[in-house]
Every structure is written in C-alpha cells, then in structure tokens.
Amino acid sequence: MTFVPHCINSRLTIKDALVALNKLRSATLTLFVLNDNSQIVGTLTDGDIRRALVNGYDLGCTLDKVMHRDFKFIRQEEFTVANLKSFRDRCIMFIPILDAKNHVVDVVNLQKFRSKLPIDAVLMAGGKGERLRPLTEKIPKPLLEVGGKCIIDHNVDRLISYGVQHVNVTVNYLGEQLEKHFATPRDGVQVRTFREPKFLGTIGSIKFVDTFYNDTVLVMNSDLFTNIDYEDFFLHFQMHDAEMSVAAVPYNISIELGILDLDGRNIKGLIEKPKYNYYANAGIYLIKKRALAEIPEDIFFHATHLVEKLIVQGKKVIRYPLNGTWIDIGTPQEYERSKELVKHLK
C-alpha cells in the first residue's frame, strides 16, 4: 500500500505526469498532486490528461491547471472499515488517507486489496495431522498442497488480501519446515512464526506471540479451507461490541420419521418430520486483545475453554454465521474434496 510512486509536484508538467504514470506498476493510473509543502492539492489520472489535451493544453502545461481538485479522501483520525466500505460501494477504489495538515500518510488500493482491517492474525499450525497419515509423516498438514498452493498459504494470502499487515503462525510438529516456508515476506508482509514448547491445544500457543499491534486478534486453525468474508466478520464483531466472536457454519438436519415427544416414559405427542438448525464451530475467532489474558500460561487450552470462561464472567460472546465455502481438512476424504472446491473459490 505504498503511495510514494503516485505523488507528483503541482509545478511539474503534463509531460512529467505522463512519464510518472508510465512508470507505475499498478493498474491504478492515478497521481496525487502535492504542493511545495507536500500537501495534497489534487489528483490526476490519464483521463484528466486526455481531457486537458483535447481542451487545448499542451505538454508543457503545469499540473495545477489541469488537476482534479474535488477529490475524495479519508482523514486519518476518521478512518474506519465501515467508512472504507462505503467508498468501495461507491466504486471509489483508490483512496488517500490524510493527516490534519493534508499530508498523504497512506493509500488504500481497493483494486488490489479487499479492505484494510485493523487486526492481528494468528494461525495455529502446530498439530500432527494424524488423521491424514501417511501424507503428514514427513510434512506438516498446513504445507500439503491444494490447487497448487499450500493449505496455509490459501489462508495467509486471503488475510493479506484484506489488508492484514500482522500475520503470525504458531508451530510445533515439523515446525522448522513452516519457519523456512515463511522466511521470505509475502506481498510485503513478513509472516512471523512462534514455537510452542509442547502441544497446547487450539489456542494455548497464542501466549508465545510476543507482540500484538491492534486491539482485535483473529485466531484460526491453519488447515481450514474457506472463503469467509473477513471484512463482514470484523464489522459484525464491531457492531455487537463483543468480547469474542465465533465463526459458525449452519447445519440443517431433517428427520423423515416421526419423533416421539416424551415425558419420562409417557408419550406426550408425535413430532412429524422435525427440522433442527445448528451452528458448528468453524475454528475462526475474533477476540479482543484484552481477553487473551484469560488464556493460562503453558497449559493445554482450547478456544472453547476461552468461550466458556468469558461467558462465566458475563462477557459477550457471539456467533457469526459463515455462509459460504468452509471445510476442515482433517481426513483424506476432506483433503480430496478440497481439491475440487479450490477450483470455485474466490
């Protein structure tokens, strides 16, 4: 999300702007026009230049005469994910973030990134994957390939596509392979790995992540295959001001036979073809950073233990309905099924 290549001084010319646009590697051909105090005063696109030339301006004309002055922006102190979403809904895809003095401090490119979520992410990748043996005898399950890409990379790349800048992976079984795998940054994001000294459950190893930069932490299993909308998940969490949110997969169960409604041994009635709706834990959680203090040190601890602990304390724990693709790759059958699902995943 760098913005320096997109900036140009207002005293330069249309020809200078064309040279600058030609050097841009991104598909977003937009320049931010700055004055001598590095304050943004306008924007310029290749379309603005074409219109200027048609209207009689020449290549030597300075940009302050042809730039677009009524541009859209977000103030740094007013930045929210909901605000950003409203820009995307209006098809405004390249948005400068300004400080109080109109300096460009960041740029959000919604043509490249789906959002810019202020969260840290932790992917749990320490399990042995015993149900997938012999596939996992010499390689950790998160590094098995689906559709030409490691399972964990599908998840990491999706998080990065939502603008998540701080991604952590906790490792144990064959952890050196995962450490080597993430030694190189991915799309400008350095994925950090942390070793758990022993198997500590689905969330216990989070205590070994040394730094969190945001007030919200996303924790998930690394061997999932999903197209969850992380922006919608985050906005839902914010809207309900919860301490923890559990992504949940809806299940509908229909029973063709009549079910007896009993009072002890006595039959009160007959329920004809009942239908039951359930939500199953998807292994993806949003948690307030302060709630992580409830996770004990060096003790086997599942995410469900944290749910129970927070509920006992009277804290709000909610479920987020995950409507879309989701599969927990735990068995050879699920692994083969995921290879078919990847062809349709967006």
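Biologist: Why does Ser 10 count as buried?

Modeller: This is a predicted model, and in it Ser 10 has 11% relative accessibility. Buried means under 20%, so Ser 10 counts as buried.

Biologist: Where is Ser 10, and which residues does Ser 10 touch?

Modeller: Ser 10 belongs to the loop between strand 1 (7-9) and helix 1 (14-23). Leaving aside residues up to four places away in sequence, Ser 10 is in contact with Val 33, Leu 34, Asn 35, Val 41, Thr 62, Leu 63 and Asp 64.

Biologist: Let's turn to the strands. What makes strand 1 and strand 3 the edges of their sheet?

Modeller: The sheet is open, with three strands in the order 1-2-3 and mixed pairing. Strand 1 and strand 3 (40-45) each have a single partner strand, so each has one side without a neighbour in the sheet. On average, neighbouring strands here are turned by 35° against each other, ignoring direction.

Biologist: How do you know that strand 2 and strand 3 pair?

Modeller: Pairing needs at least two bridges between the strands. Strand 2 and strand 3 are joined by five bridges, so they pair, and they run antiparallel. Leu 31, for instance, stands opposite Leu 44 in strand 3.

Biologist: Which strands does helix 1 touch?

Modeller: Helix 1 packs on the sheet and touches strand 1, strand 2 and strand 3. The direction of helix 1 makes about 135° with that of strand 2.

Biologist: What order do the strands take in the open sheet that holds strand 5?

Modeller: Their order is 4-5-6, again three strands with mixed pairing. Strand 4 (74-75) and strand 6 (104-109) have a single partner strand each, so they stand at the edges. Five bridges connect strand 5 with strand 6, and these two run antiparallel. Across from Leu 98 is Val 104 in strand 6.

Biologist: Now the rings. How many aromatic pairs are there, and why is the pair of Phe 32 and Phe 94 called stacked?

Modeller: The count is four aromatic pairs. For Phe 32 and Phe 94, the ring centres are 5.5 Å apart and the planes stand at 5°. Centres within 6.5 Å make a pair, and planes under 30 degrees apart count as stacked, so these rings are stacked. Phe 32 is in strand 2 (residues 30-34) and Phe 94 in strand 5 (residues 94-98), 62 residues apart. Both are buried.

Biologist: And what makes Tyr 162 and Tyr 230 an edge-to-face pair?

Modeller: Their centres are 5.5 Å apart, with 85° between the planes. Over 60 degrees counts as edge-to-face, so the name fits. Tyr 162 sits in the loop between helix 4 (151-161) and strand 10 (166-171), and Tyr 230 in helix 6 (residues 230-240), so the pair ties together parts 68 residues apart in sequence. Tyr 162 and Tyr 230 are both buried.

Biologist: What sits over the ring of Phe 87?

Modeller: That is the charged end of Arg 90, 4.6 Å from the ring centre. The distance limit is 6 Å.

Biologist: One last thing: what is notable about phi in Leu 174 and Asp 187?

Modeller: Most residues other than glycine have a negative phi. Leu 174, in the loop between strand 10 and helix 5 (175-181), has a positive phi near 50°. Asp 187, in the loop between helix 5 and strand 11 (192-195), also has a positive phi near 50°.

Conventions
Residues are numbered from 1 along each chain as its sequence is written. This is a predicted model: local features need pLDDT of at least 70, side-chain atom pairs count only at pLDDT 80 or more; totals for chains, interfaces and linings use all residues. Side-chain values use heavy atoms; hydrogens and water are left out. Rings of Phe, Tyr and Trp (its six-membered ring) pair if their centres lie within 6.5 Å; planes under 30 degrees apart count as stacked, over 60 as edge-to-face and the rest as tilted. Helices (H or I, at least four residues) and strands (E, at least two) are DSSP runs, numbered from the N terminus. Buried means under 20% relative accessible area, exposed over 50%, partly exposed in between (1.4 Å probe, protein chains only). A charge sits over a ring if NZ of Lys or CZ of Arg is within 6 Å of the ring centre and within 35 degrees of the ring normal. Contact means heavy atoms within 4.5 Å. Axes are lines fitted to C-alpha atoms, for helices over the stretch in contact, and angles run from 0 to 180 degrees between N-to-C directions.
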